[in-house]
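Visitor: I have a model open and would like to learn how to read it. Could you walk me through a few features?

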Amino acid sequence: MDLLHADLEELCAEARSRRRSPLVTYSPKVFVPLTKLCRDVCHYCTFAQPPTRGERAYMSIDEVVDIARAGAAAGCREALFTLGDKPELRYRAARDELAALGCATTVEYLEQAAGAVLEETGLLPHLNPGVLSRDELERLRRVSVSMGLMLETSSVRLSERGGPHFGSPDKLPIRRLETIEFAGELGIPFTTGILVGIAETREERIESLLAIAELQRRHGHIQEVIVQNFHAKPGTRMVDAPEPSLEEQLWSIATARLLLPDEVHVQAPPNLSFDEFPRLLDAGIDDWGGISPVTIDHVNPEAPWPELERLGEATRSRGLELAPRLAVYPEHVGRVDEAVLPAVLRLSDSLGLAREDEWCPGDAGSIPFMPRDALPIDTRDELGEEELVRLFAARGDERNRVLSTADVRRRETVGDVVTYVVNRNVQYTNVCYFRCGFCAFSKGKLAANLRGPAYLVPLEEIARRAEEAWDRGATELCLQGGIHPSFTGEYYLDVVRTVKRATPGMHVHAFSALEIWQGAATLGVPLEEYLARLRDAGLASLPGTAAEILDDEVRRVICPDKVTTAQWLTVHETAHRVGLRSNATIMFGHVEGPRAWARHLLRVREQQQQSGGFTEFVPLPFVHMEAPMYLKGKARRGPTFGEVLLLHAVARLALHPHVTNVQASWVKLGPDGVRAVLAAGVNDLGGTLMNESISRAAGAEFGQELPPEQMEELIRSSGREPRQRTTLYGEVPEDRRRASLDPAPLAEPLNPPVSDAGLERPRLLVRPGLSYS
């Protein structure tokens, strides 16, 4: 295509076709003008000002932090530091004030200010300090998530006498390109851009974009290119210069989109196009830039940012959705310095964008929204990996269509009944020798968070709890726990025999794939033989825990020595073959993303098509509060509320018709969260529990028991019909149901110290994810 002479409408259509996502992002930010002194004299700029007697040259750290705190309270995620270029090289006032602050350079003071914002407010600094050396870039990356420098133009002509950059040494293209090159060599996420209408030609604009594209191909560090239109300002030498037309701006944006590599985002500031800003979308932009509810645009104070509501309306008018992002784009999070990465993870969602809300699993705060009825989307064909990833990216009205479609599919499949089971959880020990980074429950030498004493429940106490549960109407006893280094397969057999002797009619739902694998390995018998022994002893079904994420790339990060994906699937396939049923779970919202969710769902679906033994699918949101990998700054704060709704909904769509029951965890979501997911494809609420320790150990604030009366009231308050079920979704005998209503209080459980058990550690510890050790 001849870019210089192409029809604008055709050019824009081609640019729009390069847009990779239906999301158009923006960064909720505060603008921090650390200093307005600058050694350059650009002929269009009103930001840079000379020193004024009696006024400070630099903002104080307290002033900077106050602005950042106000931004954090208003929902901002970015602190944009914009400042003049090396004013100490021109102004004595700058040198004197820096000396009083204990700094030799503006860059040194910027480092202190950005570090204070990061530490005291959690906002993510993005730094625009001008031309920098390699050493200065390396120093600043430790207190920022990204940096920026507008190339503006690669034309040397504009720095000659009479040009807009004459007398501005830092605007020489060679110096600016050198800074961008240094940033690429260091792998720093970087923003750059061009300035449209400062007397450059279209050919020079193209040359500038090609220079940026070449830097990106060499280093891959340029996250976005800003196409900013010149706006004439009173008091400048270019006050009477003609401003570029909207059509010229659209041509420049479309040309940028076509010349730049597809992975580079293209941004245009909406405030500089005033009421015409929606048309910028027609040229292919996928980002609106920074929008602040707190501070003005100090570079263009005459042009206020559009309100978010108006920005969203404009975006949706083009069939797109607005989404908040961080100062570092998702593709570049891996380039962020490890000292700053924990702050990024705290603020990010599974896509690497900004969390939409402050909700997190286990938090007793209010939910941010309820699904709304909307037209369903066509999901009649079996969904593959790419289709599932696309559904997980849904936002706004599109997300509501996904949720509504899942709810319609649920109604068509299982009706309006919501089931639950009266059960009791028994966690027989909290000692575990595995190194799962998400677990705040286990205790032992390898545990990162030792809260409370290590215990081992004696067999007679397990029997007493089973009898007590039976008397309170339970039909299921769920048994799980840590993997004590002294456990062998005989221990699990003894537990099952103990329960069945005490309560012959109790359904024993016990042992994750990890316990099964470890039990068989310690006895030296094949999986099928060991599962048959457990079945004959009274085991009736397996929980789907230890699945976490069925993607070994993720498992190597969060549970490297646990069963692999293939091993987890093998255990459940073998269990189904010997006549045992099981469920499938997913633990999400930590280090993984939508593609891992999609792969997990497809593996569950493929296994169900082969062996048919899964009774339900159970999404388990990661509860972060006390999880070791979160406390170390290596995980997100659990999924966002929108991600929770989507995971349940997409699971309903992806697994249909093979897995007909989708269960929600009331322990992790709370009552309001449960009501929401019931409108997004869920038809089961799991067990009443009586005791639950794992989520609470991780920091969840909801109770340990939801008695049948409360469970049924919760279901009815959602406009649905409650039904008590057995583990395998059968009818509950009337005498069991009557026994479950208004039960006697639970006796205090006995959890004696593990040291009293007299167990001996075997010579070898089974670590299926690695090898024997």
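Guide: Gladly! Buried means under 20% relative accessible area. Keep in mind that this is a predicted model.

Visitor: Is Cys-12 buried or exposed?

Guide: Cys-12 has a relative accessible area of 5%, so this residue is buried. Cys-103 counts as buried too, because its relative accessibility is 6%.

Visitor: How many disulfides does a search of the whole structure find?

Guide: The general idea is a distance test: the two cysteine sulfur atoms must lie within 2.5 Å. A search of the whole structure finds zero such pairs. Take Cys-103: the nearest cysteine sulfur belongs to Cys-38 and is 19 Å away, so Cys-103 is in no disulfide.

Visitor: And how should I think about cores?

Guide: In soluble globular proteins, nonpolar side chains tend to be buried together. Here the largest nonpolar core has 119 residues, and Leu-388, Phe-511 and Trp-568 are among those with the most contacts inside it. Helix α21 (residues 641–655) supplies the largest share of this core, 11 residues. Cys-12 belongs to a second, separate core of 81 residues, which also includes Leu-34, Ile-291 and Trp-305.

Visitor: What is the strand order in the open sheet of six strands?

Guide: Reading across, the order is β11-β12-β13-β14-β15-β16, with parallel pairing. The edge strands, β11 and β16, each pair on one side only. From one strand to the next, the twist averages 25°.

Visitor: Which helices pack on the sheet?

Guide: Among them is α18 (residues 565–577), touching β14, β15 and β16, with its direction at about 160° to that of β15. Helix α19 (residues 594–611) touches β15 and β16, and its direction makes about 165° with that of β16.

Definitions and conventions:
Residues are numbered from 1 along each chain as its sequence is written. This is a predicted model: local features need pLDDT of at least 70, side-chain atom pairs count only at pLDDT 80 or more; totals for chains, interfaces and linings use all residues. Side-chain values use heavy atoms; hydrogens and water are left out. Buried means under 20% relative accessible area, exposed over 50%, partly exposed in between (1.4 Å probe, protein chains only). A nonpolar core is a set of buried Ala, Val, Leu, Ile, Met, Phe, Trp, Tyr and Cys residues joined through side-chain atoms within 4.5 Å. Helices (H or I, at least four residues) and strands (E, at least two) are DSSP runs, numbered from the N terminus. Two strands pair if DSSP finds at least two bridges between them. Axes are lines fitted to C-alpha atoms, for helices over the stretch in contact, and angles run from 0 to 180 degrees between N-to-C directions. Contact means heavy atoms within 4.5 Å.
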